[in-house]
Structure formats: structure tokens, C-alpha cells
Amino acid sequence: MSHEPETPTTAESSLIRIRYNDQLTRQFVAASILWGIVGMLVGVLAALQLAFHGANVAPYLTFGRLRPLHTNAVIFAFVGNMLFAGIYYSTQRLLKTRVASDLLGKVHFWGWQAIIVSAAVSLPLGYTQAKEYAELEWPIDIAVTLIWVVFAVNFFWTLAKRREKHLYVAIWFYIATIVTVAMLYIVNNLAMPWSPMKSYSLFGGVQDALTQWWYGHNAVAFFLTTPILGIMYYFLPKAAGRPVYSYRLSVIHFWALVFMYIWAGPHHLLYTALPEWAQTLGMIFSVMLWAPSWGGMLNGLLTLRGAWDKVRTDPVLKFFVAGVTFYGMATFEGPLLSIKSVNGLAHYTDWIVGHVHEGALGWNGFMAAGMFYWLVPRLYKTKLHSKAAADVHFWIGTVGILLYVISMWVGGITQGLMWRAVNDQGALVYPNFVETLMALRPMYWTRLIGGTMYLTGFCLMAWNLWVTARSGEATDGEAMVLDTPIARDEVPWTRVAFGTPVVLTAVVVAIFMSIAVMSEVASVTFASIGVFVAISGVIALQLSREEGRPTWHRLVEGRAVIFTVLTVLAVFVGGVAELIPSLVINRAEIATVRTRPYTPLELEGRDLYIREGCYNCHSQMIRPMRAETIRYGEPSRLEDSIFDHPFQWGSKRTGPDLAREGGRYPNLWHLRHLADPRSTSPGSNMPAYPHLSTARVDLSRTAGKLEAMRAVGVPYRPAELSAAREIAQAQAQAIAADLSANGATVAPDSEAVALIAYLQRLGRPQGNPDHAAVVTAATPAH
């Protein structure tokens, strides 16, 4: 398969010269490198803070606030700018036309950089939605949506102006990225604004958890994977001077990946309070992802057949080969970690951190480096300044990744085994959580060394490319193309849109989805029917193929609108099937009389918990495992978090689970723990928060927060809204009085008191019994 489609000639054709808009590519490349250095530098600082608690030097620079900044900078700033650079460069050449609007391109570039700057400012200030990879608050979310629409309009407008009828495989992946990211981002970020930089998620508890990881998993799929695969399908053949290995494999790779990925999100929630059917669905589809993912990896590597000798001397191919190999490793490990028995050991541990960075540093980072080394000399019409420096970058980066990932594998497995170790008497072998943390400290230092090496290599690349650009001159690419309008198809669009493969797929999907509402015997029967229909349909399709006539998929490749619609349907089906059953749950039935909303002061404390990023290190989900119930208490239930907007189940335990923290320790212990964690937990790496004892909570605004929570479905009574301040003050005074009786003087309206109120509520769905009387007394009877 040729890596750029050929344009058919006609008698009416005439050659015209096209000048591509490569200024956009140059800008996005420069921004990607700059933000990559920033994001990785923040990551190195965060790694240091985990190894050495003293690196938490200021309230705005603690691990809880920097970790979201690191992830957002790497994902949206580094990889985001990189994929935009690759898409703008390759799309113009594959479609044989200049980008439709230079103005929209400028708006896209500068708008995206403004979003990144707003994230870099707001996250350290504590403005966060507390949802992984979706921390940005609602005004920034709106800006992201608008700029994404600008990008989409420019892309599809360019698609409409194309001079090449058939869409190359890279374009397929770009289309999937644009439409799916829009759907994911909008749904997951639906929220009720309370102030200019504070909102509450529209979903709560299990609904929010499922929606978040439907987004979180597929943000990895459709922002960090599919566009980079499109870039692989364009730049790898270009660099190797070889056509893509298999056209058929690319077809299977695309459709299988796009359809299956969207279902796999629930594997992030195994052994939680999520319904069992959703967990099983996520696990099954995650395991199935092995096949298409490795199909894409092999298609990339086998493209180098006949060109492997170039890998030894060409740094571009070194990075591409290593990047695709890391993609294979990450997509093998992902399905492995989604198997329940493996997930039970690995989840909440540093193994997951290693897995994520295997993809981010190895797959995204190395593909970016390969693309930059190939692109920059061409964008500036010169040669790469130093191949030797690029080779050094490759080896430093590779060793850095291996140190990072292997240390996290070892650390994660060690964590999981220590947490679940139980002796013959049924007691925990390591009852003190900090024991596991201290055992991991050498691994944390090793990770820091590996991350620093990777950053060093990246900075070397930045210098190399800067000197390369300075030695040349910015030049936009040009091409002579046939000025040929896209010929109208003889085949009716209905035959393409409702072709046999579409009908067959719809029937098979409908059969398998009907299993969810059937008895066990009927389910087995319908599953058998589905398999039979699928196999028979494939055989029939093969027998009906006519020599010399284009295949159905070849026809679809020439119909951009139909191709886009089918892509949307492929991802929409999985999203609807996964989300709708959970979103229509009657929360009142789950909550029953056991669960009461947070008191006004507890809600204020919860907002402080979120502001400080405590969710980055603490989970609030006890799994039904013997070791966890011994350590933390009874397993978590749906009703425990049904009024949590957003949910706080967490994905990492650098500290212990807090789902049943209420009543475990006295108020004084919490105050001392916040001021100096080492005073109560020797060996802890938690940052100190002494400023919470002096900072004040503005209780005059609390009623507004309760109104916003009521708007998203939390059943606050009108009497509670009208007396929110008085109720909060009464509970705060009770906590302050208890602290004073034990020798600690803290103002009742301090942030520390509010946070203690929240912590003492966790695991007590009916409220803190110690404060029930004062809260009731402060609440009007009507």
C-alpha cells in the first residue's frame, strides 16, 4: 500500500502549484518541545517530592497540586501540540490541498496555547474538578470545546476541498480522534458552575465514576493513541521509504480498535462498587483489544521490511521503531492489567504508574522525537545539525524509560504483595501502611534518576533542533498537483452507507446487545446465533467479491461524510451501551434512609480536600478483599458515595484508603497530621499543611454551594439552605471546642477544622454522630 494515494489523471486536468501552510506545523512543533520540557520538569519535581517530602516547598507547589499540572502538560501541551503538528503537515499532503483556513489555524494555535497557560496557572492555585485528565474547571472546558470545534471545522473543510478522492489510513485515525474526543470531553465535563472557577460535576458517585473512566480510558485511546497511529502510518513509511506493509491489516486495525476501545473503560473500576456487569464488560473488551493493537504494531514494524539496515544509522527510524515497540508493550500490559486477578494485585499501586509512563514516554515521546527529527530539517530546508546528538538522545531516553518503568514494576508488585500479606493468625503482616512506603523509597529514587535522564535527552533534542532551525530558513512545502475535481461516484451513496458489511455488523451487534436482557439459556443461544451470523456473513462477503470491482471499503474511503458517520456510530454504540444503564439509576433508591448529604461544613472540607489534590494519593474505595477489609473496614457500597460530586474513589494509594476514615482517629490526631504528618506517621512522604490552621473558610458563601449541589440532585432541604452558615458554625465550634479541650487552639472557621469535619464524616453515611446534636439544633424545623 502506497503511503500517499495516487491521483487519477483526466483529459481536463491541469497542473497547479500548491504552497502548503507549514508555518502552523513549525509553531506546533516549537510549542510541543517547549511544553514537553515544562511538563517533564514538573514530573521530575513531583518524583522528587515522593522520594523526599522536603521538596514540597510551598502550598502552591505540593505534590497534590503539581501532579495534575504534570499530567495535563504532558498530555494536552506536549502530545497535543505534537499531534496537531503532525496532522496539519500530513493532511495537506495526503489531500493535496492547502489547509482550508489560515485564520482558523492561527486561532487554533494561539487558543490552544492560551488554554495551556490557563491550566498552568489555575491548577497550582487549586482550581480543579478532581477528575483524572479532566481537572480543568468549567470556563477552561468551554474554551477547550470551542478551540476543538475550530480545529474540527478547519480539518473537515480541508477534507471537503481535497483533490485526492480516497482517504489514506492516517486520515481515518484523524477523523476518529476529532469526533470521539469531542463526544468524550463534552459528556464527562458536564457540570453545574457555582463560581467563576468552581463547579460540581453533573454526575455523582458510581455514575460519575463510570463516566469519568469512560472518558479517562478513551482519552488515552483517542488523544494519545489514534492520532499517533495516524502519524505512524504517514511518517514511518516516509522515513523508511517503504509502503505500509498491509492495507487489509490497516482496515482491520482501524475498525476493530475504534469499536472495541470505547467499551473498555470499566476495567479501571474492577472490584469497586460498580455493578458487576459493567466490570465484566470492561474486562472482556480490554482483553479483546490485544488483537487490533498488536495488529497495528506489526503493521508498523513490518513496514520496515527491506529497510532494517537503515535503523542502524538513521536516528529517526530508531525512535520510530522503539516507539512502536513500546506501543506493543503498553498494549500487551493494558489488557493484562484488566484481568481481574492481575488487577486485584496491581490496582492502586505504582505498577499502574509504570504502565502509563511506558506509553507516554516510550510510545508518545519517542514517536514525537522521531517525527521532530524528520520534520524540522524539511521545515527549514536544511540538514539535521547532529545525528550523533540524536543517537545520544535515543540511548539516554531508552535507558531512562527502562529505569523508570522497571522500578515502578518492582515497586508496584512489592506494594501489592505487602498490602495483601496476611499471617496464619489472619492478621496483616504489614499493618502500618507507611511500611510499604518505606520499602518503595529506593524505587522512587530510581524513578527520579530515570525521569531525569529522559528529560536530559529531551533537552538535548531541543538544542539539536534549535541549531538545525537556525542553520536553515523557514520554508513552506510546495507541490505540483492535478487540479482535478473529485469525480462523482457511479455507485449510489445508499449502497455504500447501507452496504452488506454495515448491515451485517448492525445485526451482529444487536444480537449480542440483546443478551443483556435475556435469561441464561437464551443468552447462550443468541450468542451462538451471533457467532454463526458473523462467520456466515464474512464467508458470503468473500464469495460475493467480483474481480475488478472496488471493494465496499474502497468505496467508503472515497465518501468522507459516510466514513465519518460510520466512525461516529462505531464509538457511539459502545458509549451508549456502557453509560445509559448506570446514568438512569434512581439515586434515591440507592441512597435510601442510610445516606445523608454532607453538612455545610463537611462540604466545605471536601472542597478543601479536592483543592489540595488529596485524591491524587488517597482512594476512597475499599475492595471486597480480605486484606483490605482487615486494614480499612467493610467494603464500600454504592450508597457511600452517591452524593459525591465528583466521586473520589481514586486511582492511586500513595497513602491509605480513606473510605472509612471517620472516627478512626480523634480530631487532635488529624490536626497534628495535617500540620506535620511525620509527627503522627513517621516515614510518611505526605506534604505538611500548617497553613490550613490559619487560613479561613468564608462561610457566607456556603449556602450557594448547597444550592449548586441541590441543582445536580443532592437532596438538601430548604431549611438547610437557609441556615447553612449557622449549621456550619455550630459544627465548627464543636470541633474547635474538642481541640481546645485537648490542648490545641484553632479558630472554628479555619480550613483545618472544615477538613477535619469532612475526614470524620467519611464512612459514616448517616453523618458524624458526634455532631448530630449540634447540627440538628442549628437546623430550623421547617
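Here are legends for four close-up views of this predicted model.

**View 1. Helix 10 packs against helix 12.** Residues 290-302 form helix 10 and residues 315-337 form helix 12; their axes lie 9 Å apart at an angle of about 170°. Helix 10 is therefore roughly antiparallel to helix 12. On the helix 10 side, look for Trp 290, Ser 293, Trp 294, Met 297 and Leu 301. Helix 12 contributes residues including Val 321, Tyr 327, Gly 328, Phe 332 and Leu 336. By class, this contact has 10 nonpolar, 4 polar and no charged residues.

**View 2. The second largest pocket has a volume of about 790 Å³.** Among its 41 lining residues, those closest to the centre are His 618, Gly 655, Pro 656, Leu 658 and His 673. Several helices supply at least two lining residues each, among them helix 1 (23-51), helix 2 (63-95) and helix 16 (433-471). Helix 25 gives the most, with 4 residues. The lining divides into 22 nonpolar, 14 polar and 5 charged residues.

**View 3. A cis peptide bond joins His 645 to Pro 646.** Omega is near 0° for this bond. You will find Pro 646 in the loop between helix 24 and helix 25.

**View 4. Ala 130 and Tyr 133 each have a positive phi without being glycine.** For Ala 130, phi is near 60°, while for Tyr 133 the value is about 65°. Ala 130 is in the loop between helix 3 (102-122) and helix 4 (138-160), and Tyr 133 is also found in the loop between helix 3 and helix 4. Ala 130 counts as buried at 6% relative accessibility; Tyr 133 is buried too, with a relative accessible area of 10%.

Key: Residues are numbered from 1 along each chain as its sequence is written. This is a predicted model: local features need pLDDT of at least 70, side-chain atom pairs count only at pLDDT 80 or more; totals for chains, interfaces and linings use all residues. Side-chain values use heavy atoms; hydrogens and water are left out. Axes are lines fitted to C-alpha atoms, for helices over the stretch in contact, and angles run from 0 to 180 degrees between N-to-C directions. Angles under 35 degrees count as roughly parallel, over 145 as roughly antiparallel, 65 to 115 as roughly perpendicular and the rest as oblique. Contact means heavy atoms within 4.5 Å. Ala, Val, Leu, Ile, Met, Phe, Trp, Tyr, Cys and Pro count as nonpolar, Asp, Glu, Lys and Arg as charged, and the others, Gly among them, as polar. On a 1 Å grid over the protein atoms alone, a cavity is a set of points where a 1.4 Å probe fits but cannot get out, and a pocket is an open set with protein on both sides within 12 Å along at least five of seven lines; lining residues have an atom within 4 Å of a point. Grid points are joined across faces, edges and corners, and a volume is the space filled by probe spheres set on the points. Buried means under 20% relative accessible area, exposed over 50%, partly exposed in between (1.4 Å probe, protein chains only).
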